[in-house]
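Q: Please take a close look at the aromatic rings of this protein and at the parts of the chain around them. A connected account suited to a first-year student would be welcome.

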Amino acid sequence: MCVYAVSEHTYLCSVTFLLDFIAILSFLSDTWLYQGNLFLNDDGTKVTRYARSARVARMIRLARVAKWTRLTPKMIQIFGGQNHGLAKACMTRRLRRLFNFLDNDSAGFVTNVDLKCFYVTVLQESHNLEELLFGDVGRRARLDMIRKDVGTIQEAEYVKQMGGVIRTSTHSSLSSVLHRSASQVDRKHKANGIYNLDFDEFSKLIFNTEVGKALLQQHVQEASQSDGGWTLTQEFSARASLKVCVGFLIVVIVFNFLQPQSTEASAEVGLALLATSSTSNTSLADLCHQVTRYSSYFAVLLVFLNDVTYLDVGSGLECLSGGIPRSEVDPFQRIEELTEDHNLRYEHVYLACSPGSAVDGKSDFECDEWLASSGAMIVIEDAVRQGNVYDLYETFAVIACLLLWTTLFSHSITMFCRTLLEPLRALVDDMKAMSILELVYIDAEDQFPRSRKLADEMLNIQSAFRMMQRSIRFWAKMVPPTVVQRLFSSGIEASIGVSKCECSILFCDIEGFEEGVRGTSPQEVLKIMHSVFDKIGEVVDRDGGTLLEFIGDEILAVYNAPCVLPNHVLKAALSAVDINVAMKKEQLQIGGVSVRCRCGVHTASVLAGNVGSPQRMKYGLLGDGVNLAARLKGLNSKYNTLVLATDEVVSDSLTRRRVLHRPIDIVAVKGREEPTTVFELLCRASGRDAAVKRVVAEKHTEAFRLYQNRKFREARALFIEVRAAVLDGDAVQDEPSRQLAQRCVAHLRHPPPLDWDGVQHLNAKTFRVDDLEEDLCDTPNVATSSPPSGGLSREHCDDVEMPRELTFPIGSRAIDLVRERCDTVTTEEGGQGFNL
C-alpha cells in the first residue's frame, strides 16, 4: 500500500485501496499480533477456526503471495531508478554540447558571464519549465527561488575569486567547497569579475540551481513519456516479472490441489473412543485414567462424556467421584465461563464433539449443543501462534525472494539501459542536433557514452552515424547553411524550382588580387584567400546573410533568401562597410600592400531557388539585380572607392540613418539602358570617423545636387573643398570629387546640351582609375588670391577662357597642362620659375 501510495497519486481515492485495506485487516486478524476485537464483536473472527484445515492454510498463504506478486512491477519501476540516470546522462550530454558552443576558442573554458546568460535565457525561453519550476506558488516565492539561484552563482564566483575550484555543491559550507590553488585562478579576468569555468564546474553550478533541477525533472518526464524507450522497457519488464510470478503461483497451486486433503481429527477420534468407553463395562478408574491421558495430550480444560462431566479444570471436580450430570451443570455454559476465566479468544479454543453436527450449513466437526452428548474443550493457543508465526515467516520469505528478484531484475534492466538505451538515446539526441547546423560543427565525434559491452548492431549504427555526420558537415561547408537548414526542417527532397523574392545582394572581391599574388606560391595564395574569406564569412554570418558562391577572389552573399531576414537592406549595407574594417583590423597584406575589398550592394526582386539539373543542382539567384550588383563591384575601380550601392539601398530609411553615404555618379552599366544612381557607403553613422565623414558626405551631396542642376561653378567649388577635406583627414586623394570637379570644368568650357541628364554610359565591365590631367583649380590652396606654387587664383578659375600670362615654379606639371589648353605657349625662364 505504501508503494502504491507513493507511485500513484490517485491510489488513496480508489476502490483498490479499500480492498487492500480490508486485506491488511484480515491479515492482521489472523496473527497473534492482533490483540482485540476486529469487528467489535467476537463472532467476526470465528472464521479463523477453520484455519486448522491444511488446504485452507495453504490457500491463505498463496493469496498473500499473490498480493505481493502484484507489487513486483511497481517496485521495479520505483526502485529501479534507470529513468533518472538516463535523464541525467541526457542532460549532461546536452550541457556538454552547450558548453562547446559557448567555448568559442575551444580552450575548454567558459566565463561566468556565459553561465549567467544561459541561466537568463532558460528562465525566459523555457515556457514548459515554468510549471515545473514555480507551480502554483506566488510571485514572492518565485522571486525567492531566483534569489536563491543568484546566491548560488554568486557564492561560486566568490569561490573562484578566492582562488578555489568548485568541487562539490555550492550550497555547502565554503570550507568543503574551496580547494586552494593559486595556479588555477584566472588573474587576467579577476580584476573585472570575470572567471573561467571548466565543464565540471559549469555543470555542477547548473545542477545546483533550481532551474537546473527543474530541467532535470523535465528530462525525467521526457525519459518517462508514454512512447519512450524506457517506458516500453518498464512495461516489458513488468509483464515479464508478473508472468514469472504468476507462473510460479500456478505451479504451487496445482501441486497444492494435487496433495490429499488431511484434516486434523485426532481430538474427535479420541473423544469418540472415550465416549464408547463410558458406555461399555469399563471401570471408572480406567475411564478416568483414559480421560487424564487425553487431557494431558490435548491441553483439555473440560471433558463430558454421554452428558456427564468428568473433567473440569478450575472447579475442583475429580473424575473418580463419578462426574456431574448435564442436568446439574451445562457443559456448554461451563465452556463459556472457562473461556472468560482463562481470558481466551474463540480462535484459541477448539470444541471436539461426539456426535458431530447434522445441521445443514455446518461442518461435520462443528459442535451443536442439542445433538452433542460428548465433548471436550481444548486450548489450541500455542498451536495457533506457532502456525501464525510460521505464516509470517513464510510471507516474509516470499517477500524477500520477490525483493531479491526485483533487485536482480532491476540490475539486469540497468545493464540493458547502459548497453542499449543510453547509446540509443544519445544517438537520437545527436540526430536531432544535426538539424541545428551550429551544433553539428561543435559536436565531437566521441560523444557516444562509453560502455563495456555494446551490441554489434549498436556499434554499426554508431559508426554509420559518424560517417553521416562527417558527410553532413562537409556538405554544409559546400552548400549555404541556411539551405541545408531548410532541407532539414522541411523534411522533403530538394527539387528544381525558383521563387521570386526581394533580397539584398552583396558582391565582394579583393582589390588588386591578380597583381598582388603574381609570383606567389599556391600555398601562400590559399592562405591569403582563407584569411580574407574567413573574415568576410564572419561578418556576413553575423548580419544574417548567406554565402552563396566563391568565384576566384569574389564572394556572392544574399540577404533575405532563402530565409526571411528583417531589415535585410541595412544588414547588407553594414556587412559591406564592416568588411574593410575587419580587413584593416587584421592588417592582412597581399604583395606588401594592405588588403582592401571592393563591394557592390543592391536590393532588387530576383528569382531564388534550386537551379541546375535533377542530378546536380545548387541554390542560386537569377535576375538583372544580380548582374547590377556585380557591375557595382567592378565600378569601384573607376572611382577608387570600396563600397558602392544603388539608390534602392540608400532609399531604405534605416540604412539612410545608420550608414553615411554620398552620391557618386549616375551611370548606365553595360547591358542596361536604365540609369542607376550610384552611392558610396562611407561608414557607420556612429563610427569613430563619423564626424569628419559626415561633413564630407553632406558637402559632396550638396555639390552633386548643384552638378545635377547645371550649376557647375558652385558644384566645382564644393567638390574642391571635399577633396581638400578628404586629403586632410585620410591623406589620400578623393577620386570621385576629382572626377566630378573635372567634369564641371569641362562643362563650363563646353556647356552640355539642354537635354543633358548627367548619365554616364559605360561600355566596359572593368575599369581603372582615370589618369586624367590634374585640374589647376583642384589644389587645396585655390582660395588664395595669388597663384603660389602651381595653383591658379580664384578669379582665373572662374573664367572659362585661360589667362594669357602666368608664372609657375620650376618643374610644375601646370606647364604641360597649360600647353594642352592654350593655343600658343611661349616659355621664358627667369627668377625662380617660368613665365608663360
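A: Contact here means heavy atoms within 4.5 Å. Under that definition, and leaving aside neighbours within four places in sequence, Phe712 is in contact with Tyr707, Cys744, His747, Leu748, Pro752 and Trp756. The model is predicted, and the account below starts from this residue.

Phe712 lies in helix α27, which covers residues 712–730. Its relative accessibility is 6%, and because buried means under 20% relative accessible area, Phe712 counts as buried. One of its contacts, Leu748, stands 36 residues away in sequence. In space, the C-alpha atoms of Phe712 and Leu748 are 6.7 Å apart.

Another contact of Phe712 is Tyr707, and this residue leads to the ring pairs. The structure holds 11 aromatic pairs. One of them joins Phe704 and Tyr707, with 6.2 Å from centre to centre and 35 degrees between the planes. This pair is tilted, because planes under 30 degrees apart count as stacked and those over 60 as edge-to-face, with the rest counted as tilted. Phe704 and Tyr707 both belong to helix α26, residues 690–708. They are 3 residues apart there, about one turn of the helix. Both Phe704 and Tyr707 are buried.

Tyr707 also pairs with Phe712, and this pair is edge-to-face. The ring centres of Tyr707 and Phe712 are 5.7 Å apart, and their planes make an angle of 70 degrees. Tyr707 and Phe712 are both buried. Tyr707 thus takes part in a pair with Phe704 and in a pair with Phe712.

A further group of rings is found elsewhere in the chain. Ring pairs link Phe99, Phe118, Phe199 and Phe202 into a cluster. A charged residue accompanies one member of this cluster: Arg96 lies over the face of Phe199, at 3.8 Å from the ring centre. A comparable arrangement involves Phe207, where Lys88 lies over the face of the ring at 5.5 Å from its centre.

Phe207 also takes part in the meeting of two helices. Two packed helices are described by the angle between their axes and the distance between the axes. For helix α10 (residues 199–208) and helix α11 (residues 210–223), the axes come within 4 Å and cross at roughly 85 degrees. The crossing angle therefore makes α10 roughly perpendicular to α11. On the side of α10, the residues that meet the other helix are Ile206, Phe207 and Asn208. On the side of α11, they are Glu210, Gly212, Lys213 and Leu216. Sorted by class, this contact has 3 nonpolar, 2 polar and 2 charged residues.

The surroundings of a buried residue in a strand may be described in a similar way. Thr309 is placed in strand β4. This residue is buried, with a relative accessible area of 4%. Not counting residues up to four places away in sequence, Thr309 touches Leu302, Val303, Phe304, Leu317, Gly323, Ile324 and Pro331. Thr309 and Glu328 are 19 residues apart along the chain, and their C-alpha atoms are separated by 9.8 Å.

The loop leading to β4 deserves attention for its backbone. Most residues other than glycine have a negative phi, and most peptide bonds are trans. Asn306, in the loop between β3 (300–305) and β4 (308–312), has a positive phi of about 50 degrees although it is not a glycine. At 29% relative accessibility, Asn306 counts as partly exposed.

The loop between β10 (554–559) and α22 (568–586) contains Pro562. A cis peptide bond joins Ala561 and Pro562, with omega about 0 degrees. Asn567 is also placed in the loop between β10 and α22. Its phi is near 55 degrees, a positive value in a residue other than glycine. With 44% relative accessibility, Asn567 counts as partly exposed.

These details may finally be set against the whole protein. The secondary structure comes to 30 helices and 21 strands. Of the 836 residues in the protein, 43% are buried. Among contacts with a separation of 6 or more, residues 24 or more positions apart account for 68%. The pair of Phe712 and Leu748, in contact and 36 residues apart in sequence, gives an example of how parts of the chain distant in sequence meet.

Methods
Residues numbered from 1 in each chain as written. Predicted model: local features only at pLDDT ≥ 70, side-chain atom pairs only at ≥ 80, totals over all residues. Heavy atoms only, no water. Phe/Tyr/Trp six-rings, centres within 6.5 Å; stacked < 30°, edge-to-face > 60°. Helix = DSSP H or I, 4+ residues; strand = E, 2+ residues; numbered from the N terminus. Buried < 20%, exposed > 50% of the residue type's maximum accessible area, 1.4 Å probe, protein only. Lys NZ or Arg CZ within 6 Å of the ring centre and 35° of its normal. Axes fitted to C-alpha atoms, helices over the stretch in contact; angles between N-to-C directions. Parallel < 35°, antiparallel > 145°, perpendicular 65-115°, else oblique. Nonpolar A, V, L, I, M, F, W, Y, C, P; charged D, E, K, R; others polar.
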